[in-house]
Amino acid sequence: ESLTQVLGRIPLSGGRRGPGKSRIVSFVGPTGVGKTTTLAKLAALSAIQQGRRTALITVDTFRVAAVAQLETYARIMGVPLEVAASSRDLLKAVQKHKDCDVILIDTAGRSPNREDSILELKNILSIPEEIHGCLVLSATTRYRDLQHADERFGALPVKSCIFTKLDETQDPSSMINFLISRGRPVSYFATGQQVPEDIEEASRKKLASLLLSRMRKGTEKPTNEVNVNGSSEWTEKHGSRLQS
């Protein structure tokens, strides 16, 4: 009952407000969290499994292999790819594929400590089109670093988040604490590198299974107990009930 009560406070980005129902979706976030791979997974689901007309755009002109990586995905899936270096280029690319059902925009990873770099990305994404911004974060990241990234990337039009690397963490409590405390809707969970298999729509059932699996692995107290305030108060009151 305690677990249900706590996880019930996590908003899910489903229905019409989710990225799956939005026409233009951008993927932003720190470096190394898997934005391009996540975009490729959702593009494959959209174009191949759902049969929707899909186009890819990348504004990542910083990394040498970034465009080549996305070109490979686009060629395999048979979808068009555009490269945009400015907001003007981005608008042209969006208008070029205005007949598509879905347009997915890849971006370069930005350090949360570089406010100027994030503002530069904001300027590029500032076009007269509605964009559903997805903040991509890693489940292996510490709670305070997740908070910091959310605060910094909050300068962008972010409407939901996607968590990656769930297969690489043994303690999901930082991610769950973040989702509870920040109130940011979560859209998808990525659980590996396979495209498009290793991604699923976010659900409280998945979060519960991750947390209960962590508890079954041992009776030692995790470093970041799940709670409603980012502290250990909730666990001290309810931890024994969850373990039972």
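1. Strand 4, enclosure. Start with strand 4 (102-106) of this predicted model. Five of its five residues are buried, so strand 4 is largely enclosed by the rest of the structure. The cover is on both faces. Val-102, Leu-104 and Asp-106 are buried on one side. Ile-103 and Ile-105 are buried on the other. In a regular strand the side chains alternate between the two faces of the sheet. Note that Asp-106 is among the buried residues of strand 4.

2. Strand 4, partners. Which strands pair with strand 4? Strand 1 does, in the parallel sense, over four bridges. Strand 2 does as well, also in the parallel sense, over five bridges. Two positions help to fix the register. Ser-26 stands opposite Ile-105 of strand 4. Thr-58 stands opposite Asp-106 of strand 4.

3. Helix 4, buried side. Helix 4 covers residues 87-96, and its buried residues are Leu-90, Ala-93 and Val-94. They span an arc of only 100° around the axis, which puts them on the same side of the helix. What does this side pack against? The buried residues of helix 4 meet strand 1 (24-28), strand 2 (54-58), strand 3 (81-83), strand 4 (102-106) and helix 5 (115-125). So strand 4, largely enclosed by the rest of the structure, is one of the elements that helix 4 packs against.

4. Helix 4, other side. The face turned away from the buried side carries exposed residues. They are Arg-88, Lys-92 and Lys-96. Set them beside Leu-90, Ala-93 and Val-94, the buried residues of helix 4.

5. Aromatic pair. How many aromatic pairs does a search of the whole structure find? One. The partners are Phe-163 and Phe-178, with ring centres 5.9 Å apart. Their planes stand at 70°, so the pair is edge-to-face; the cut-off for that class is over 60 degrees. Phe-163 lies in strand 6 (residues 158-164) and Phe-178 in helix 7 (residues 173-182), so the pair ties together parts that are 15 residues apart in sequence. Phe-163 is buried, at 0% relative accessibility. Phe-178 is buried too, with a relative accessible area of 0%.

6. End of strand 6 and the loop after it. Thr-164 is also in strand 6. Its relative accessible area is 3%, so it counts as buried. Leaving aside neighbours within four places in sequence, Thr-164 contacts Val-33, Thr-38, Val-136, Leu-137, Ser-138, Ala-139 and Ala-190. Lys-165 sits in the loop between strand 6 and helix 7. Is Lys-165 buried, exposed or partly exposed? Partly exposed, with a relative accessible area of 21%. The cut-off for buried is under 20%. Check the backbone here: Lys-165 has a positive phi of about 60°, although it is not a glycine.

7. Cis peptide. A second backbone point concerns Pro-196. The peptide bond joining Val-195 and Pro-196 is cis, with omega about 0°. Pro-196 is in the loop between strand 7 (186-190) and strand 8 (199-201). Keep this bond in view when checking the geometry of that loop.

8. Arg-152. This residue lies in helix 6 (residues 143-153). It is partly exposed, at 31% relative accessible area. Which residues does Arg-152 contact, leaving aside neighbours within four places in sequence? Pro-112, Glu-115 and Ile-118. Arg-152 and Gly-29 are 123 residues apart in sequence, yet 9.6 Å apart in space, C-alpha to C-alpha.

9. Whole chain. The protein has 244 residues, and 51% of them count as buried. It has nine helices and eight strands. Take the contacts with a separation of 6 or more: residues 24 or more positions apart account for 77% of them. The accessible surface comes to about 12000 Å². Carbon and sulfur atoms hold 45% of that surface.

10. Confidence. Mean pLDDT is 84, and 84% of the residues reach 70 or more. The exception to flag is residues 228-244, where the pLDDT is below 50. Beyond near neighbours in sequence, this stretch still has 23 contacts in the model. Where pLDDT is low, the predicted coordinates should not be read in detail.

Key: Residues are numbered from 1 along each chain as its sequence is written. This is a predicted model: local features need pLDDT of at least 70, side-chain atom pairs count only at pLDDT 80 or more; totals for chains, interfaces and linings use all residues. Side-chain values use heavy atoms; hydrogens and water are left out. Buried means under 20% relative accessible area, exposed over 50%, partly exposed in between (1.4 Å probe, protein chains only). Helices (H or I, at least four residues) and strands (E, at least two) are DSSP runs, numbered from the N terminus. The arc is that of the directions from the helix axis to the C-beta atoms. Contact means heavy atoms within 4.5 Å. pLDDT is the predictor's confidence in each residue, from 0 to 100. Accessible areas come from the Shrake-Rupley method with a 1.4 Å probe; for residues, only the protein chains shown count as cover. Rings of Phe, Tyr and Trp (its six-membered ring) pair if their centres lie within 6.5 Å; planes under 30 degrees apart count as stacked, over 60 as edge-to-face and the rest as tilted. Two strands pair if DSSP finds at least two bridges between them.
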